[in-house]
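User: Please go through the assignments for this entry and state, for each label, the criterion that justifies it.

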Amino acid sequence: MKFSLVMTLSAWLIVCQAHEPHYYAMNNDPALVVQDETLKAVDDDFELMKGQIAEDYHCDPDHPYRARMENRDPHLMIIDNFISQAEALHLIAIAQPEMQRSKVVADTDENKLSTGRTSFNTFLSRSQDAVVHCIEQRASRIVGKPLANMEPLQVVWYRKGQEYQPHYDYFAQGYAGTDRELKRGGQRIATFFVYLNTLKEDQGGTTTFPTLNLNVKPVQGSAAFWYDVQVDGTDDPRTLHGGAPVHYGEKYGLNIWVREGEFN
Ligand SMILES: O=C(O)CCC(=O)C(=O)O
């Protein structure tokens, strides 16, 4: 597969719809099983998330981002300013009330809880508002695949001590749930992991790539981007990665996964 990072955005003609701002709300769902603290955003910065998106928000065709190559083979790109601060805060705000304990793909029809993935997450509906649509478009243009190949965006939320131990994003042969997932649009070929808030050095929460001996620090608005498969479409185990435990505070991120075919 040929990597082609589209840096010229002049073709962007899409002007997204204006919409109402969204507000943070606490979720008291007992199914979330949080033992140590109340379900409350603990970082004061998140007070800022209220009403960050202006009613006249539109998708900026010249959205300025900068990509740098963190690792050449396999490709690992860091895309700074992939989303703006206002977009990041908006995503947190719309996702927060819907958060559930994260699950992993299982052999059954249902995904399951796992001790290796202790965070919360929620899937946003496809193009559910102007911001979500704009970010889907941005990712789709960078990776050079149609919007239909993208899975719905997934917002993840880690609190103190939570992590996602190293794993692959592709569906490996012989693994739980692989056949079921491959019927939904084929292999997962690429991942954007976008950081919705910045973590300090001592907070942990980096994205680790143990095989590459690399750690990516969460910086609000930046994205780590990599292909999960090799040029011939086969799994690339060098993409093993995880979310290191958060030592204090919170971490919010966004998964954008791209399939080889139309996702359904
Ligand atoms: O939290 C991270 O840094 C990585 C998350 C991740 O790998 C995932 O959600 O699949």
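Analyst: A suitable starting point is Asn213, which sits in the loop between strand E8 (207-209) and E9; strands are DSSP runs of type E with at least two residues, helices are runs of H or I with at least four, and both are numbered from the N terminus. The model is a predicted one, in which local features need pLDDT of at least 70 and side-chain atom pairs count only at pLDDT 80 or more, while totals for chains, interfaces and linings use all residues. Residue numbers start from 1 along each chain as its sequence is written.

User: Why does Asn213 count as exposed?

Analyst: A residue is buried if 20 or more other C-beta atoms, placed from the backbone, lie within 10 Å of its own, exposed if 12 or fewer do, and partly exposed in between. Asn213 has 8 C-beta neighbours inside 10 Å, so it counts as exposed. Its phi is positive, at about 55°, although Asn213 is not a glycine.

User: What makes Asn81 partly exposed?

Analyst: Asn81 has 16 other C-beta atoms within 10 Å and is therefore partly exposed. Asn81 lies in the loop between E2 and H1, and its phi, near 60°, is a positive value in a residue other than glycine.

User: Which loop holds Pro74, and what is the form of the peptide bond from Asp73 to Pro74?

Analyst: Pro74 belongs to the loop between E1 and E2. With omega near 5°, the bond from Asp73 to Pro74 is cis.

User: How many residues support the statement that H1 is mostly covered?

Analyst: Nine of the 11 residues of H1 are buried. They are Glu87, Ala88, Leu89, His90, Leu91, Ile92, Ala93, Ile94 and Ala95. The cover over these buried residues includes strand E4 (120-123), H2, E5 and E12. For the protein as a whole, 35% of the 264 residues are buried.

User: How many strands form the open sheet that contains E7, and how do they pair?

Analyst: Eight strands make up this open sheet, in the order E1-E2-E10-E7-E12-E5-E4-E3, with antiparallel pairing. Two strands pair if DSSP finds at least two bridges between them. Strand E1 (66-71) and strand E3 (100-101) are called edge strands, as each pairs on one side only. Between E7 and E12 there are seven bridges, with Phe193 opposite Asn255 in E12. E7 and E10 are joined by five bridges, again in the antiparallel sense, and here Ala190 faces Tyr227 in E10. Strand E2 (residues 76-80) is linked to strand E10 (residues 223-227) by four bridges, with Ile79 opposite Ala223. Strand E7 (residues 188-195) is described as mostly covered, with eight of its eight residues buried.

User: Which strands are the edges of the sheet with the order E6-E11-E8-E9?

Analyst: That sheet is open, has four strands and is paired in the antiparallel sense. Its edges are strand E6 (164-167) and strand E9 (214-216), each pairing on one side only. Two bridges join E6 to E11, which meets the minimum for pairing. His167 stands opposite His241 in E11.

User: How many residues are in the largest nonpolar core, and which have the most contacts inside it?

Analyst: A nonpolar core is a set of buried Ala, Val, Leu, Ile, Met, Phe, Trp, Tyr and Cys residues joined through C-beta atoms within 7 Å. The largest such set has 48 residues, and Leu91, Val155 and Val194 have the most contacts inside it. The elements supplying at least two residues each are E2, helix H1 (85-95), helix H2 (130-143), strand E5 (154-158), E7, E10 and E12. H2 gives the largest share, eight residues. Contact requires C-beta atoms, placed from the backbone, within 7 Å. Leaving aside neighbours within four places in sequence, Val194 touches Phe82, Ile83, Ala223, Gly253, Leu254 and Ile256 by that test.

User: Which residues surround the ligand, and how do they divide by class?

Analyst: A residue is near the ligand if its C-beta atom, placed from the backbone, lies within 6 Å of it. The shell consists of Val156, Tyr164, Asp169, Phe193, Thr207, His241, Gly243, Gly253 and Asn255. Strand E11 (241-243) and strand E12 (251-259) are the elements that give two or more residues to it. Ala, Val, Leu, Ile, Met, Phe, Trp, Tyr, Cys and Pro count as nonpolar, Asp, Glu, Lys and Arg as charged, and the others, Gly among them, as polar. The shell thus has three nonpolar, five polar and one charged residues.

Methods. Contact = placed C-beta atoms within 7 Å.
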